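Reader: Before I rely on any of the labels attached to this model, I would like to go through them one at a time. Could you show me the structure and then explain how each term is earned?

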Amino acid sequence: MKPVAAFVLVGAALAVAPFLGLPAFYESFLYLVFSWVVLATSWNLLSGYAGYFSFGHAAFFGAGVYATAVLGGKLGWSLLATLPLAAGVPALLGVTLGAVIFRVRALRGELFAVLTLAVTFVVSTIVLNTPIDGGPGVMLSAVSIPKLAPSPSGTFYLMALILALISVYISYRVYHSRFGTGLFAIHDDEEVAEVMGVPTYRFKLGAFALSCALAGLAGGIHGVFVSYVTVAETFGHWLALYVILMAAIGGTRHWLGPALGAALVTTLLYAFTASEHALGGRAVVGLVLILVILFLPQGLLGRFSRRAAFPRKELIPPDASIAVANKERLLVIRGASKAFKGVQALAGVDLEVRRGEILGLVGPNGSGKSTLINVVSGHYPLDGGSIVFEGREIAGEAPHRIASGGIARTYQIPRPFAHLSVLENVALPPMFGRVAMDRGRAESEAWRWLEFTNLSGKAGRLPAELNLHERKFLELARALASRPKLLFLDEVLSGMTPSEMDEAIRLVRAIREQGATIVFVEHVMRAVMELTDRVVVLTNGRTIAEGVPREVMRNPQVIDAYLGAAHA
Amino acid sequence: MPSAALLGQSLLAGIFAGALYGLLGLGLTLSWGMLRQINLAHFALVFLGGYLTYQLAAAGFDPLATLALIAPAFFILGVALHALLARFKVGILNTLLVTYGFTVMLESLLQWIWSADYRRMDSHYGAVKWKVGELFVSLPELITLAIACATALAMWAVLRYTDLGKALRAIAEDAPMAAAFGVNHKLLSLLLSGLCAALAAVAGTCLALTYTLAPSQMYAWIGVVFAVVMIGGLGNPLGPLVAGLAIGVSEALTMAITAPAWAPLVSFSLLIGALLVRPQRF
């Protein structure tokens, strides 16, 4: 059965309830459950999937409440007419906040969490001290609601049900999509995700906007449901606590987790508030949150949150353009410089990479090799100089743009996405690289590179279950899967045994035969001599020699750089 | 435009409020910057400390002397908290969630014991006021300022000049590497966490001296104190004091010039401003 059909079916079954003549109490209770399902599920889109914990969901919910309160309660609009703004205002608020925070490089997650803690307070201050509320609260009892069911409580039940179904469906679709894969990658390692082509900034803003909009819709409906709203009730810090607890209990890495958690926690809370122990109930909520984080960090659905792999499809034939080493300049670096707090890592590097060659980039530790890779891939901005790739200036471009232009890299210390399977890891770059496939095709593509690197037996494993040399090969497979035009290999051989090295060297040759140009950064001279067409020597951030490997290695300056002046 | 006397009084009020922000932020910045734990429960501990001071003062103790009892007890709480977080290897964002849980539990406890009503501690300090020119200065506020400066400077000196401080900074930089060089990072982390909690006790006593207490009020401090911690630079013991004074004064001037209700926006705006102007600093 198609997922849409399943959602419609579940919805239709639940939609019967208001017509059965149940007491209004049940409808109202279930309304609350659905409302919390919306809030928890919407929170999870950014905070669960991408790992940016928001403590400000009450602010976005409240912005929706007050959008409807002003338009409906004060200006007399109908509930349905207010909903676009009940979604739009919080989304705009979220995007504005995100646009500031998401630009910060370090500490983004912590900063986001703490700033969202403050945002509820800020928004409520503004609402309280301006004519939006002004203090006395807003009456919404006159707002007209659509007549969907025999009773008003039935109508609210249906509206919340529809919104809950939409939220969970969005959560489901995002979870299985390219967008969701990008968010999961951001969760695990944002820098690597960006270098693999994920437009991280846009994705986070998108997820945040979606999350805020859904919370705002729930707020708009809820304002009319309670019919009288005040700042104190709307912006209470409890909302954020409950939402986080619900998602954590259900499982933040599963599309249904927050909804399940919402149903459980709402019932639990009801049991407490109905009795005399409201205060104790809050304490229990706090305790449950602690216990869940300590003992059940994956949540109830944690064990089911691995996404099923797609059936393998027909392999797409590789690019016909098998390149031969020629004189065409693929990458031209001129005068590249980069300093870190006074340490001049690159002091005007000139470098050319010709299409189809394997260029060895060698130099002692600290000579600037890794920095060079990092500036070409866009991870560090360049202080000065230019980088031209296929005739296009790429210095200053976002890393994901550079990646989709056809430049890939491996990391010296492998940095796989820890919560994605080996197959998903390798399928990520094709989804965001220069081809931009959907998830199904990308996985078929990934299988090819897993076979190429002898990892297909481990496709379903998590990266932590691989040994070091397998993880290095995973790095390779991932870089290859983006079908790069230019591939930077950063010390792939370090830490390998001689026989593993032979295997890796064979692999690098095979990669070139697939049509990629390779920049091979390595300390193992045997491999450099064996593999490379040309060698460039870097020391103290400058190129000091360039040419055929055997000649360059006899250059006295190069010997100096490696062994010190005394030797020469 | 308000009169010079009013502005002067506001400025003074801002300095005193800022000192308390700095004092609250000191424990937070150390645990966040050096232990990689964002301890939301710090606020609940401060309030618990405030209420205990209030209770003991009502029983006849000198408010400042109560610290001799409360601070050691809190030290043990801090050690226990770190032991728990370390035992379960809780990641930094999850420390925020776990301590959120503790905050909520402590709030319920406070409300259960002392009710949700506002409480104000009576002490002989409260009555002492001086008139300097046209400005009024009260003793509790001066005590708070003095304690805030003294603790911040003491922590700074310890971290800067002692072997203990060097070891702690090494842990903050790279715990496994510090351990490899013979630093007992487990023990020292427990110690630092205990110290942060003891600082919460000190802040609690100062809070009880100068403010009215209500359990729900703890959430009102979170935004501004975190802003102080972040603007001051994580792990920097002098940062919260300096940033606290700056924010306190800005808030007080905002209150004097516009309306008191807008004060909560000041710290947030300053933080957002700092983020926009110097994002690389964070």
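Author: Let us begin with the elements themselves: a helix here is a DSSP run of H or I with at least four residues, a strand is a run of E with at least two, and both are numbered from the N terminus. Counted in this way, chain A of this predicted model has 22 helices and 12 strands.

Reader: What makes β7 of chain A a strand?

Author: The element β7 of chain A covers 392–393, and a run of E needs at least two residues, so β7(A) meets the definition of a strand.

Reader: How do you know that β6 and β7 of chain A pair?

Author: Pairing requires that DSSP find at least two bridges between the strands. Strand β6 (residues 384–389) and β7(A) are joined by two bridges and run antiparallel, so they count as paired by that rule. A:Phe389 has A:Arg392 in β7(A) as its bridge partner.

Reader: Why are β4 and β7 of chain A said to stand at the edges?

Author: In the open, antiparallel sheet ordered β4-β3-β6-β7 of chain A, β4 (343–354) and β7 each have a single partner strand, so one side of each is left without a neighbour in the sheet. Helix α14 (residues 369–376) packs on this sheet and touches β3 (329–340), β4 and β6 of chain A, its direction making about 70° with that of β4(A).

Reader: What makes the pairing between β5 and β10 of chain A parallel, and which residues illustrate it?

Author: Strands β5 (residues 358–362) and β10 (residues 517–521) of chain A run parallel and are joined by four bridges, and A:Leu361 stands opposite A:Val521 in β10(A). Both strands belong to an open sheet of six, ordered β8-β9-β10-β5-β11-β12 in chain A, whose pairing is mixed. Its edge strands are β8 (407–409) and β12 (542–547) of chain A, each pairing on one side only.

Reader: What does it take for a residue to be called buried, and how many of chain A's residues qualify?

Author: A buried residue has 20 or more other C-beta atoms within 10 Å of its own, and 53% of the 568 residues of chain A count as buried.

Reader: Which parts of chain A are called domains, and where do they touch?

Author: The domain assignment gives domain 1 (3–233) and domain 2 (417–483) of chain A. Their contact takes 13 residues from domain 1 and 12 residues from domain 2 of chain A, and on the side of domain 1 the largest share, seven residues, comes from helix α7 (residues 178–188) of chain A.

How values were computed:
Residues numbered from 1 in each chain as written. Chains lettered and ligands numbered in written order. Predicted model: local features only at pLDDT ≥ 70, side-chain atom pairs only at ≥ 80, totals over all residues. Contact = placed C-beta atoms within 7 Å. Axes fitted to C-alpha atoms, helices over the stretch in contact; angles between N-to-C directions. Buried ≥ 20, exposed ≤ 12 C-beta atoms within 10 Å, placed from the backbone. Domains from an automatic or database assignment.
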